[in-house]
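Please take some time with the sequence and the model shown here, and follow the explanation with the structure open beside you.

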Amino acid sequence: MDDKAKLLILYASQTGNAMDAAERLGREAERRGCPVAVISTDEFDASSLRDEKIVVFVVSTTGQGDPPDSLKVFWRKLLQRNLAKDWLEGVNYAVFGLGDSGYQKYNFVAKKLDKRLSILGATAIIERGLGDDQHPSGYEGALDPWMSSFLNTLYEKNPKLFPKGPDFVIPDMDFMDRPKIEIVHHDADKVVSRYSNDADLRFIEMQIERARSMFPGKLSHDKKRPDCFLKMTKNHALTIASCGKDVRHFEFEPRSSIIEYEVGDVLEILPGQDPAAIDAFIQRCNLNADAYITVHPRGTENQLCDSKISMKLRTFVELTMDVASASPRRYFFEVMSYFASAEHEKERLQYFASPEGRDDLYQYNQKERRTVLEVLEDFPSVQMPFEWLVQLVPPLKTRAFSISSSHSVHPNQVHLTINVVSWTTPFKRKRTGLCSAWLAGLDPENSSGVNIPAWFHKGSLPPPPPSLPLILIGPGTGCAPFRGFVEERTLQSKCGPTAPILFFFGCRNKDDDFLYKDFWLSHSQNGGVLSEDRGGGFYVAFSRDQPNKVYVQHKMREQSNRVWNLLCEGAAIYVAGSSTKMPADVMSAFEEIISNESGVSSEAAVGWIRELEKAGKYYVEAWS
């Protein structure tokens, strides 16, 4: 390795975990005197990868083995066929993946990336590491030993990277220095707002764009300004109150601009935070809610310093910092320890941030889903500067939902089907999902002043042409996108011939959570698009209405001949719903049906499915 080499750490993160792991690895290397650059893959030119000497990739796997959005362009570059087998010769690399072994394609992205780098001639410094959310300590259970081994191996290969050895660590307070961002306070008398009415949609839009542009790090997408603001017009329970689940049907209309979307698209919503929680956070941190601020990277001359685009501190917190829902990361506890004045709190925080305290921190923090506000209240002597809070508090993220309506049928509306998330922690604490609980708490009759920021995006389920036969599998809220599919095909059938649809739905009980029961049944009878006399069919698996549990894959096997016939007619398969076992079980059922109905081997049936995927006829949209 080159004596002047630096350590480049490239990360691809969807939820922030890979970024956090990459930054932690970077800090540990810097503490040993090694020059480090930590960069997101979408901010690095893949064509210059061959010029690097030492590169670590920290990548997560999303959905059904998919790369994070920030990796897609980089990955396409690596897959170019014109790249020579020695294109990365001289590059030394390591890969650490973050995944969940509960999924079929566990850490698929890290494994593919490792293989591709090797094919292109790069040399692995150490065997890839694979973090697993199922581990008692989460992905950090694998990261800690892998990182230690990596740093030691790196020192053996190039001792000059660590001038005083891999065990020498710069003292924490010397290393910590200053936060990465700077906050400028502005004189309220000199702040001029272009909008005098705070209820003005244009003003709210600009506030969101300003706040989310100033926030350090990446939010869920680069588009800071909402596509539109929605008002809720319907909030209807689809399940009975006593069944243990709360699934809602929501309808929205735009406040001003015209909305456009296709079936299969996704709607992202920026949730509102509890005003009482925002006030409690500001009070706990001794902040001035009415102060006008701008936020920018430290050491840069930035136009965001301009008082003309400053905003109230409270507004910035409300729009960008998740203070009462998300759990802080491990580094948050480390930084807290520097600002704890009570010795017993400092010791406990230092223990939590240490390798020895990793498991206890996981139980206290992630398992219990402690919020930033709760953690700060548990350590009352800690007084963190606002700059550190902005840098370390998890960002307020948009939440994505499959659209459950057809724009052609509802031209000025968008519908969502949402499970109101709630659970009990190991210590019997009640927790709820921020966005779903917020939406469920809105009353369309009394929330006319609530403006819901929304973005429209393409999802994983492309809109099918009317001539394409469909096999849909959507248990639970997985039925959401297919409600739009059926609405649209029904409308198309009034104008000309359409291909048949087989739909397999699943729920627990016929009387408790049979979502959209009347809708499905009406379209499966009297010549509807789901009716058997039109070559389609609607089949429901009630998992708990009998002693033996019945799921969608069982209903698929019962209709094996219908499924096979439709596949032979060129049908496309769409699967939506829970991302744990369901997609894998459904794929296994398809493989079994193909093998049994065609007489081919199991291996050939697997190949059949692979060809469907390559042809763009097997789609999965799954969520945890």
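In this predicted model, Leu230 has a bridge partner in strand β17, namely Ile452. This pair belongs to a wider arrangement, since β8 (residues 228-237) and β17 (residues 452-457) pair in the antiparallel sense over three bridges. On another pairing of β8, the partner is strand β9 (residues 247-254), and here the antiparallel pairing runs over seven bridges. Within that pairing, Lys234 stands opposite Glu251 in β9.

These strands can now be placed in the sheet to which they belong, an open sheet of six strands with antiparallel pairing, whose order is β13-β10-β17-β8-β9-β14. Which strands stand at the edges of the sheet? They are β13 (399-402) and β14 (414-419), and because each has a single partner strand, one side of each is left without a neighbour in the sheet. From one strand to the next, the twist averages 40 degrees.

A residue outside these strands leads back to some of them. Thr477 has its place in the loop between β18 (470-473) and α15 (480-493). Is Thr477 buried or exposed? Its relative accessible area is 16%, and it therefore counts as buried, the cut-off for that word being under 20%. Leaving aside neighbours within four places in sequence, Thr477 is in contact with Val247, Thr417, Asn419, Leu515 and Trp623.

Turning to the helices, we may begin with α1 (residues 17-30), whose length can be checked by a short piece of reasoning. At 1.5 Å a residue, the 14 residues of α1 should span 20 Å, and the end C-alpha atoms of the helix are 20 Å apart, so the expectation and the model agree. The helix is also mostly covered, for ten of its 14 residues are buried, among them Ala18, Asp20, Arg27 and Ala29.

One partner of this helix is α4 (residues 140-157), and the axes of α1 and α4 come within 11 Å and cross at roughly 35 degrees. The crossing in which α1 passes α4 is right-handed. On the side of α1, the contact is made by Ala21, Arg24, Leu25, Glu28 and Ala29, while α4 contributes Glu140, Leu143, Asp144, Trp146, Met147, Phe150 and Leu151. The residues Ala21, Arg24, Leu25, Glu28 and Ala29 are also found among the buried residues of α1.

Two loop residues deserve a look for their backbone angles. Lys428 is not a glycine, and yet it has a positive phi of about 65 degrees; it lies in the loop between β15 (422-424) and β16 (430-432). Tyr516 is likewise a residue other than glycine with a positive phi, in this case near 55 degrees, and it is found in the loop between β19 (501-507) and α16 (517-523). As for their surroundings, Lys428 counts as exposed at 68% relative accessibility, whereas Tyr516 is buried, with a relative accessible area of 10%.

Finally, we come to the cysteines. How many disulfides does the structure hold? The structure holds zero disulfides. Of the cysteines that can be examined here, Cys285 is buried, with a relative accessible area of 9%, while Cys568, with a relative accessible area of 49%, is partly exposed, and the value for Cys568 can be read against the cut-off for exposed, which is over 50%.

Technical notes. Residues numbered from 1 in each chain as written. Predicted model: local features only at pLDDT ≥ 70, side-chain atom pairs only at ≥ 80, totals over all residues. Heavy atoms only, no water. Pairing = 2+ DSSP bridges. Helix = DSSP H or I, 4+ residues; strand = E, 2+ residues; numbered from the N terminus. Axes fitted to C-alpha atoms, helices over the stretch in contact; angles between N-to-C directions. Disulfide = S-S within 2.5 Å. Buried < 20%, exposed > 50% of the residue type's maximum accessible area, 1.4 Å probe, protein only. Expected span 1.5 Å × (residues − 1). Contact = heavy atoms within 4.5 Å. Left-handed = near helix turned anticlockwise from the far one by under 90°.
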